[in-house]
Amino acid sequence: MKYRGSIDSRVDYSLILPVFFLLVVGILALFIAVSQDYPNSVLQMVGQQIAWIGIGIGAAFLVMFFSTKFLWQITPFLYVLGLGLMVLPLFFYSPDLVASTGAKNWVTIGGMTLFQPSEFMKISYIVMIARVIVTFHKHHTERGLREDFMLIAYMTLFTLPVLVLLALQSDLGTSLVFVAIFSGMLLLSGVSWKILLPTALMVLVLAGGFMLIFVSPGGTTFLHNMGMDTYKINRISAWLDPFKHAQSTTYQQAQSLIAIGSGGLKGLGFNKTNLLIPVRESDMIFTVIGEDFGFIGGTVLIGLYLLLIYRMLRITLKSNNRYYTYISTGYIMMLLFHVFENIGAATGLLPLTGIPLPFISQGGSSIVSNLIGIGLVLSMSYQSHLADEKEEVRSRKYRKITLER
């Protein structure tokens, strides 16, 4: 039996369990993808992924023990460090990688691709925006439209440097992740619907106007002349009509739809992949699950994500710490957007953006960053249990003193 006050009693294993299964599914899916596409590099690539998972688990375990005070104090340093790292890809990058992806988002030195700074910046950004919101609420107890606009201005002040660096990297997909995090945390901050509703309507009108221009005759030429990159135009075109140029610009999207469709209800079976899909070990990893394990496999995967988010919501609702609540909200928004966009792109519901599937896709930066996020949520649960134990000790002492008197 666990005794109160033990470390083991403060760890939320119900949160760890879905993460564990997601990581196992990721390793199996990566093994299948690499076996088909790079049979001579199976041990190397799968071994690297397992090593990154080990590093991420170690980092999550360390973060779990961060006290609220310590995390609050180091947040500005994490934010500045994240911005500094995001400058590196602008100078240290691989021309070949930039040519294939269209973005300078990976640090490459001496021909070796090391890491993607924007993945780590997501966590730094979340804790920084959480600190900004909590600090603002402490100094502005009365809220009106003026205060709401001030809060939006403060949040935007810390968001713009990130978006500018991502624009310089030509990384639209990751920019959308930060916008999703910003939106979710802004919504929870209590900003009036009188601001949120017109803003949402304006975004819808702009998106609709963009699509009208895109599909109109000569629209893509106009957008290209306005500065829109060719690869972005091709991705939207592939989304609108994936089979129009299935042997060239829309090849990846078309192959993805065929692969998932061929899986049917139960899938073709373990390691029975038949189609060639570019970078399926990374951004298109869901095609492996859809083809080999079918609709049932895809549903189980989505179920694991829903279970993980449910557990994070339970922990968040039990916590009385506003700082951790905003951190958890930002991380949940990040996960939701990643899952929704990645699976949506693979199934043709959304355009391809190059966003990885959390805990599943190959990539050390993404794996470590997501596990650090899990560590933050575990820290919330850990600190909550610790506070409850301290309160119980104080209550026992008070009852003892009362009885003695």
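**Surface and overall form**

I began with the surface of this predicted model, and I noted that the protein chain exposes about 20500 Å², of which carbon and sulfur atoms supply 69%. I then looked up how much of the chain is covered, and found that 45% of its 405 residues count as buried.

For the overall form I took the radius of gyration, which is 23 Å for the protein chain and agrees with the value near 22 Å that a compact globule of 405 residues would have. The box filled by the C-alpha atoms, taken along the principal axes, is roughly 85 × 55 × 45 Å.

I listed 15 helices and 2 strands in the protein chain. Among the contacts with a separation of 6 or more, I found that 71% are between residues 24 or more positions apart.

I also looked up the charges, and the mean position of the 28 positive ones lies 10 Å from that of the 21 negative ones.

**Two buried residues in helices**

I turned next to Val34, which belongs to helix H2, spanning residues 13-37. Its relative accessible area is 0%, and since buried means under 20%, Val34 is buried. Beyond its neighbours within four places in sequence, Val34 is in contact with Pro39, Ser41, Val42 and Met45. I also noted that Glu281 is 247 residues away from Val34 along the chain, yet their C-alpha atoms are separated by 6.7 Å.

Gln255 was my second choice, and I placed this residue in helix H12, which covers residues 251-263. With a relative accessible area of 12%, Gln255 is also buried. When residues up to four places away in sequence are not counted, Gln255 touches Leu275, Leu276 and Ile277.

**Aromatic rings**

I searched the whole structure for aromatic pairs, and the search gave 12 of them. One of these is formed by Phe66 and Phe70, whose rings lie edge-to-face, 4.9 Å centre to centre and with 75 degrees between the planes. I checked how far each partner is covered: Phe66 is buried at a relative accessible area of 18%, whereas Phe70 is partly exposed at 37%.

For Tyr323 and Tyr324 I noted ring centres 6.2 Å apart and planes at 40 degrees, so this pair is tilted. Both Tyr323 and Tyr324 are buried.

Which residues join Phe61 in one aromatic cluster? I found that Phe65 and Tyr382 do, and I closed the entry with that cluster.

Definitions and conventions. Residues are numbered from 1 along each chain as its sequence is written. This is a predicted model: local features need pLDDT of at least 70, side-chain atom pairs count only at pLDDT 80 or more; totals for chains, interfaces and linings use all residues. Side-chain values use heavy atoms; hydrogens and water are left out. Helices (H or I, at least four residues) and strands (E, at least two) are DSSP runs, numbered from the N terminus. Buried means under 20% relative accessible area, exposed over 50%, partly exposed in between (1.4 Å probe, protein chains only). Contact means heavy atoms within 4.5 Å. The radius of gyration is taken over C-alpha atoms; the globule rule is 2.2 Å times the number of residues to the power 0.38. Accessible areas come from the Shrake-Rupley method with a 1.4 Å probe; for residues, only the protein chains shown count as cover. Lys and Arg count as positive and Asp and Glu as negative; His and the chain ends are not counted. The place of a charge is taken as NZ of Lys, CZ of Arg, CG of Asp or CD of Glu. Rings of Phe, Tyr and Trp (its six-membered ring) pair if their centres lie within 6.5 Å; planes under 30 degrees apart count as stacked, over 60 as edge-to-face and the rest as tilted.
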